[in-house]
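Hi,

Here is the structure I said I would pass on. Have a look at it first, and then read my notes below.

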Amino acid sequence: MRRRPPRILAVDDQPINLELLAAYLGGVDCELTIARDGFEALGQIARRQPDLVLLDVVMPGMDGFEVCRRIKADPANRLLPVVLVTSLSDVDNRIRGLEVGADDILAKPIDRNELMARVLTLIRTKEIVDHLDDAEHVMLAFAKAVEAKDCGTEAHVERVARGARALGEAAGLSGGDLDSLYFGGLVHDVGKIGVPDAILLKTGSLSHAETELMRRHVLIGFDIAQPLRSAASVVPIIRNHHERFDGCGYPDGLKGMDIPLAARIVAVCDAYDAMISDRPYRAAMSSSSAAAALQAGAGTQWDPGLVRLFMATVLHEPRSALTEHGQPGGTFSSM
Ligand SMILES: [Fe+2]
């Protein structure tokens, strides 16, 4: 299937500069659109999702630095390349450009060959990144298939994902680490796609052999995620979210701080949400009972510092990520 031509957005308040860019890019197979100020640019980015932005710096109203900062502050645009085009060639302005997240800086007057080289390189990189992003989407589709099969508990993983992000933030993490926690929360049980339905959906307690098969979901998930470079940051979550702080968990028997931090964070949020959700074999626990169970397991099952932090922050936020529960539903197994 042929990909659509890349979309380039050129932003400049001077029509003559836009005409020059259009002429220079005439030989590139692309859809070129224009915006004459920062506000128009941000609106177009939200509507048209370009693959590359060529952004003038000196503009009335909102300058290019601020436009770039706003573009990069939106997680949906973190992979959108932005090239600042500027006659401000001094070092301070170049540093400022990099500080606001620009991917490249092009000096005015624009050299046609330099422009072509930068544009083609960034478009090619964006195509590769989009392809890797597709791998994440495939994993998410698997995870959603598991949740749909598991009596429609899609809301469970969403709550785990939000809780993990909130707990990570409370633990001092930021940026890409929080994105990984959120995505890891969504896909941590992706390996259940490989667990037979008869076990996954069983209403009674599992035999020893069935328990062993159920536990394989962390290794099946690992096998799915491990070859995907874009999923590298969530592999430890998928593999190690059932380790125990005392070393008695699975699959690797890791202990204490040897368990990856992201896996320890998801383990706390996953366990709490599993406890306050209905199961075929038991009703949902009250939030106070679940909190007491978490505290009882702090230091043996879960990281005691994270349990403390979870109680103090995530559970006490006015609209807590894990208490916006709507219909408690589902059969998510904490296994
Ligand atoms: Fe799990």
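To start with the overall make-up: the protein chain has 14 helices and five strands. Keep in mind that this is a predicted model. Along the principal axes, the C-alpha atoms fill a box of roughly 75 × 45 × 35 Å. The chain has 335 residues, and 38% of them count as buried. If you take the contacts with a separation of 6 or more, 66% come from residues 24 or more positions apart.

The domain assignment splits the chain into domain 1 (7-129) and domain 2 (150-316). Their centres, taken over C-alpha atoms, are 41 Å apart.

Now the cores. The largest nonpolar core has 47 residues, and Ala164, Leu167, Val190, Ile265, Val266 and Val268 are the ones with the most contacts inside it. Among the elements giving two or more residues to this core are helix 5 (112-149), helix 6 (154-170), helix 7 (175-187), helix 13 (287-297) and helix 14 (304-312). Helix 12 gives the most, with 11 residues.

For a view from inside that core, try Leu167. Leaving out residues up to four places away in sequence, Leu167 touches Ile265, Val268 and Cys269, and also Leu306, Leu309, Phe310 and Val314. There is a second core too, separate from this one: it has 26 residues, including Leu21, Leu84, Val119 and Leu122.

On to the strands. Strand 4 (residues 82-86) and strand 5 (residues 104-107) run parallel and are joined by four bridges. One pairing to look up is Val83, whose bridge partner in strand 5 is Asp104. Between the two strands the chain passes through helix 4 (residues 91-99), and this β-α-β crossover is right-handed.

One last residue: Lys144, which sits in helix 5. Is Lys144 buried or exposed? Neither, as it turns out: Lys144 has 15 other C-beta atoms within 10 Å, so it counts as partly exposed. The cut-offs are 20 or more for buried and 12 or fewer for exposed. Lys144 also makes a handy marker for a long-range pair, as Ile193 is 49 residues away in sequence, yet the C-alpha to C-alpha distance is 9.5 Å.

Over to you!

Best wishes

Definitions and conventions:
Residues are numbered from 1 along each chain as its sequence is written. This is a predicted model: local features need pLDDT of at least 70, side-chain atom pairs count only at pLDDT 80 or more; totals for chains, interfaces and linings use all residues. A nonpolar core is a set of buried Ala, Val, Leu, Ile, Met, Phe, Trp, Tyr and Cys residues joined through C-beta atoms within 7 Å. Two residues are in contact if their C-beta atoms, placed from the backbone, lie within 7 Å. Domain bounds come from an automatic or database domain assignment. Two strands pair if DSSP finds at least two bridges between them. A crossover is right-handed if, with the strands pointing away from the viewer, the path from the first strand over the helix to the second runs clockwise.
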